[in-house]
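User: Hi! I have a new model open and would like to talk it through with you. Could you take a look?

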There are 2 protein chains.
Amino acid sequence: MTAEATSPLAAIPLAERAAALRAGTIDLHAQIEEALDRIARFDGRVRAFLPEPGRGERVHTEAEALAALHPDPRTRPPLYGVLVGVKDIFAVDGLPTRAGSAIPPEEWAMPQGSAISRLRAAGALILGKTVSTEFAYFDPGATANPHNPLHTPGGSSSGSGAAVACGYVPLALGTQTVGSVLRPAAFVGVTGYKGTYGRVATDGIVPYSPAVDHVGWFTTDVEGARLAAAALCANWRGEAVVSRVPVLGVPDGPYLGQAQPAALASFEATLARLAARGVVVRRVPIMDDIVAINARHRAVSTAEFGDTHASRFMRWGSMFRAASAALFDAAQRVTPPQRAEGLAGRAELRERLHAAMDREGVDAWASPAATGPAPLGLTSTGDPAMSLPWTHAGVPAISLPVGAVGGLPVGLQLAGRFGADEALLAAAQAIEARLRP
Amino acid sequence: MTAEATSPLAAIPLAERAAALRAGTIDLHAQIEEALDRIARFDGRVRAFLPEPGRGERVHTEAEALAALHPDPRTRPPLYGVLVGVKDIFAVDGLPTRAGSAIPPEEWAMPQGSAISRLRAAGALILGKTVSTEFAYFDPGATANPHNPLHTPGGSSSGSGAAVACGYVPLALGTQTVGSVLRPAAFVGVTGYKGTYGRVATDGIVPYSPAVDHVGWFTTDVEGARLAAAALCANWRGEAVVSRVPVLGVPDGPYLGQAQPAALASFEATLARLAARGVVVRRVPIMDDIVAINARHRAVSTAEFGDTHASRFMRWGSMFRAASAALFDAAQRVTPPQRAEGLAGRAELRERLHAAMDREGVDAWASPAATGPAPLGLTSTGDPAMSLPWTHAGVPAISLPVGAVGGLPVGLQLAGRFGADEALLAAAQAIEARLRP
């Protein structure tokens, strides 16, 4: 399937494609036809997009309306005509929300949220809903890894990552409560970004754990992630952040020890390549209490899952899937002190990370984006451990595709300072440039 | 939860309860109220029944109509007023079918099948639909084991087994394509029966693999299984089959070696108890090709799963769950010779078993009903290996609860001759009597 990424439109990175759409050198309707054709050819095996009767007609109609609204190429909005896949936990006007569940879609009826409205206002066209694990937790859908259909694409934003990897869309929305954007991005070999906690509004999204839910997105490259960030983030500071050659901090200690030896070897090789191109890499012992950090994050997210789904569970519990039901049960056993400690841990970890960055002159933390490449099998979505602390601290994080382990993609994860999404993306772009062959 | 089985109605075995309902000494409506009350108290944790708005009103109304139809206690049908749980892959007039899937219920619309119509004609009242794994395959629903909610209740007939174990109903319908009735019966400590292949019609049921799909049921005891068999089986021979003390054959060899040591030890202890009470136990080396038998059964059932769900997969594949999608993919790789060999293997195994029974004077084959007690966790439903060959051969089989391993129930599996359901049930009743303390 990967060989097909050489097909004309799918090979064009997001920012370049958006510019061509605005200029009219890529035709809106031809682009839609190509995307539908790719889905028809590949998605029977990959299963990234949810079925939508009449998809083509709907998207063409929306494209016509968009073109009529913006006849002048010079004033077209930044994402004019960009096709977007949306994880099926976002409410989108005109499309049902199922959240990977068999519960009737009416249960999830709510107004379309800010993230979708901002994308649409920026000119994006929603190509459709993508497969989510149930309630964005662990019970997987049918999506397969485009690089090997016997392996998981990761989760919970399974379909959005795969949709970008297959070239159906250059941008897809996901969410991350533990590692649900950066892990699948790494597993399918695309760029995955999650903003600073709270920087992208989470209204109109089926909640998992409001204290740690983040909106994120999958794109072709860092420039694409930045273009989407400009549309999605509150108070985007558009002035270019020129990054000097970034100083990377490697969070030494038991956190890194959670990764598999092959993934660590690949990570070290990546660091060596970057060092050879002038990137300063500093090893900073930190998070020696990763076991406690993990437990605190799990306490918060588990307890809040219990709250957000309580009334639904009372009515529809027997239609929950097994892992969701087990999580709901576990939520009842989280004690108030565990929960309070978990919530307090977020700010503590953030401050600790910032202090170390100040002390060591670190611009971004570098780590493997997952504990290894995508594991075999579709009944698990893999281990989110490598993403957890950055999600817990609420700092922005990005995964860049960096080669392969055992024939499957792996990602380099970079994490920045709380609120400094612009700076992290600038640093990531500098790193991405130095990773090119 | 088990302690609650001492509550008046739930403690009464099926046949005795049916007699009392016919005689009017148990009131139809009081019985319904007790069942609804048990569900309200326990099912939040066990999740055996699917939600049904207005369940109470519907069942009371159906009970009134039943009573009006049969005012004379002397002519009431055999299952008059018996509450039944139905695995949610059976079409039941008035209730949606979901088959454990998020696909819209309209996809499964079909006329109510013979099994349900026969039960209703025999006076049974459908209390509701019970949780099935997706498409009766492997992706589990939320049902927990009533003996320990951290353990699986087994599958695919997860909710039906648990519903009988919780005393909501004295009878529940399931299906078995590999081990989907006898394994969950063993895991939750109830009696589970599947008839001879073809003896109970499978119309009006979401198919998995028509060449090996069986209807089965969960009940309180062997007499209850017999009462249901009389209503469900074609050409039931009602005259009592008086079983002499049955001779049990133990299928020695690698088939038994699939069970865990603790389950085998418990099985041997059961055999010793039975031998002490006059049951002859003969060890008969057989099925030394169990690996090939397993492969042949998997070839048939996998290939047919691909056929039965092909058109649905084309339209809704991305809403399939992971194991179902993987099975559908695997179906495409089964070759026609593998499939033909699998189909032919059924009759060959059946004749081999019959010949050995003739030669050794065996009335029924005895084996552990599962490879061990219910495993920890709700994301797997356990291993169906111990049921597979009897399903493959299409012979009738029953699981009787026989104590516990590690605090969880285990079952003794007995398998008979093709078409001789009456004789197997008689033998099972003789064994059951000798298993009482």
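User: Which strands of chain A does helix α7 lie across?

Analyst: Happy to help! Keep in mind that this is a predicted model. Helix α7 (residues 222-232) of chain A lies across β3 (171-176), β4 (191-194), β5 (214-219) and β9 (397-405).

User: And at what angle does α7 run to β5(A)?

Analyst: At about 140 degrees.

User: Nice. What's the strand order in the chain A sheet?

Analyst: The sheet is open and has 10 strands, in the order β2-β1-β3-β5-β4-β9-β10-β8-β6-β7, with mixed pairing. β2 (125-130) and β7 (280-285) of chain A stand at the edges with a single partner strand each, so one side of each has no neighbour in the sheet. On average, neighbouring strands are turned by 30 degrees against each other, ignoring direction.

User: How do β8 and β10 of chain A run, parallel or antiparallel?

Analyst: Antiparallel: 4 bridges join β8 (residues 364-368) to β10 (residues 408-415) in chain A. If you want a spot to click on, A:Ser367 has A:Gln413 in β10(A) as its bridge partner.

User: Switching topic: what turn lays chain A on chain B?

Analyst: A turn of 180 degrees, with a shift of 0.0 Å along the axis, and the RMSD is 0.0 Å. That is the relation of a two-fold axis. The chain A C-alpha nearest that axis belongs to A:Ala102, 1.9 Å away.

User: Why do you say the copies meet through the same surface?

Analyst: Because 97% of the interface residues of chain A are interface residues in chain B too.

Note on methods
Residues numbered from 1 in each chain as written. Chains lettered and ligands numbered in written order. Predicted model: local features only at pLDDT ≥ 70, side-chain atom pairs only at ≥ 80, totals over all residues. Pairing = 2+ DSSP bridges. Helix = DSSP H or I, 4+ residues; strand = E, 2+ residues; numbered from the N terminus. Axes fitted to C-alpha atoms, helices over the stretch in contact; angles between N-to-C directions. Contact = placed C-beta atoms within 7 Å. Least-squares fit on C-alpha atoms with pLDDT ≥ 70 in both.
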